[in-house]
Amino acid sequence: MQGIQIIGMGKGVPARRVENEAFTKMVDTSDEWIRSRTGIETRYFCEDEMQMDLCVDAARQALANAGVGPEEIGLCVVCTITPDYHTPSSACMVQSALGLPEDIPAFDVNAACSGFLYGLEVVSCMLGSDALPRPYALLIGAEKLSRIMNFEDRSTCVLFGDGAAAAVIRPSDTHRFFCRLGSQGDAQALNAPGIGYPEPYIHMDGRKVFQFAVRAMENGIRLLEKETGTRAEDIDVFICHQANERIIRHVQKKLKLGDEKFFINLNKFGNTSGASVPLAMAELMENGRLKPGTKAYCLGFGGGLTWGAAYLEF
Ligand code: COA
């Protein structure tokens, strides 16, 4: 079976960094509560930036790091729940800003915090198809969640952040890739009705999502072991959706896996939904932790309720 290789990544981060302390002026909360219950210390919020600006920054960096020109891109996919426009899609906006070829598919994927996992599977299927005239895919996870947050709701506003990360991907016979995706069709646990509806913000039953998250991650790891013939203890790095450090540590301890294998950067970025997994991956790559031969399990969960689990070789 044909695999995929991620050959370059980049980040797009808004200029404005916001400390936990800032929320004490808006709602009844404290730095101590946010740190101890979530692990989050700061996050970034857009001011003048559009979501597309973050996508373009991330994509330019990823292309430069991959040594690939925009004219070589055969597919452009953006994973997001907060596109600037309903139409055109963020992917079409990126296509225009970067001058990508016009004979390629460009579209968005909406699978909330599991978005990048869904995107990886879509890209891996399409890269093998004769329909693509060029060899590389540009896959971006991007969110401007500050646009759909209720800054009077302490149970959600302290959790999320804005950001983007991009990957340039090519088909490979030497890098195995396996992915499994799922969804529960649950509109209650986590939803954001959108502009035009009363209360068009993120609503969440935190405990229910927490329980779903640990189950989805544990099941995902077991499934990857079974389907790929790998063992969790032999995996070099676990790249998890960055929602809450307690979720990640709970799973890591239950499965008796080493602390250092579970990368965490939610302390800096908060939960950036579709951007969270690629932001973690981009930082791991920056830090030299995704070397040739590195084996990773990638785990996502979120609104939908969706989940995704992928095995990747670097
Ligand atoms: N500051 C201070 N107190 C807060 C607060 C805040 N920002 N947010 C909630 N609280 C309060 C609650 O009102 C509650 O008070 P009460 O006991 O008087 O009713 C108390 O803290 C405990 O609330 P609870 O929801 O049980 O806290 P928790 O330990 O479960 O942590 C979350 C809440 C949201 C951090 C946690 O449930 C979580 O991370 N869930 C998963 C969320 C997630 O991952 N979402 C994204 C999915 S992609």
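Start by selecting strand 12 (residues 295-302) together with strand 13: in this predicted model, the two pair in the antiparallel sense over eight bridges. Look for lysine 295, which stands opposite glutamate 313 in strand 13. Then find the hairpin that joins strand 12 to strand 13; it goes through one residue.

Keep strand 13 selected and add strand 8 (residues 177-186). These two run antiparallel as well, with eight bridges joining them. Here, phenylalanine 177 stands opposite leucine 312 in strand 13. Now show the rest of the protein around strand 13 (residues 304-313). Eight of its 10 residues are buried, so the strand is largely enclosed by the rest of the structure.

Next, click on the ligand and bring up what is around it. You should get 23 residues, and the closest are Thr29, Arg37, Arg154, Arg207 and Asn244. Zoom in on arginine 37: an N or O atom in its side chain is 2.7 Å from an oxygen atom of the ligand. Move on to glycine 206, where a backbone N or O atom lies 2.9 Å from a nitrogen atom of the ligand. Asparagine 244 has a side-chain N or O atom 2.7 Å from a ligand oxygen atom. How much of the ligand does the protein bury? Taken alone, the ligand exposes 960 Å², and the protein buries 75% of that.

Finally, colour the shell around the ligand by element. Helix 6 (206-228) and strand 12 are among the elements that give two or more residues, and helix 6 gives the most, with four. Colour by class instead and you'll find 10 nonpolar, eight polar and five charged residues. Try domains last: domain 1 (3-172) and domain 2 (177-313) each supply at least three residues to the shell.

Terms used: Residues are numbered from 1 along each chain as its sequence is written. This is a predicted model: local features need pLDDT of at least 70, side-chain atom pairs count only at pLDDT 80 or more; totals for chains, interfaces and linings use all residues. Side-chain values use heavy atoms; hydrogens and water are left out. Buried means under 20% relative accessible area, exposed over 50%, partly exposed in between (1.4 Å probe, protein chains only). Two strands pair if DSSP finds at least two bridges between them. A residue is near a molecule or strand if one of its heavy atoms lies within 4 Å of it. A polar contact is a pair of N or O atoms within 3.5 Å; within protein, one must be able to donate a hydrogen and the other to accept it, and residues adjacent in sequence count only if both atoms are side-chain atoms. Accessible areas come from the Shrake-Rupley method with a 1.4 Å probe; for residues, only the protein chains shown count as cover. Ala, Val, Leu, Ile, Met, Phe, Trp, Tyr, Cys and Pro count as nonpolar, Asp, Glu, Lys and Arg as charged, and the others, Gly among them, as polar. Domain bounds come from an automatic or database domain assignment.
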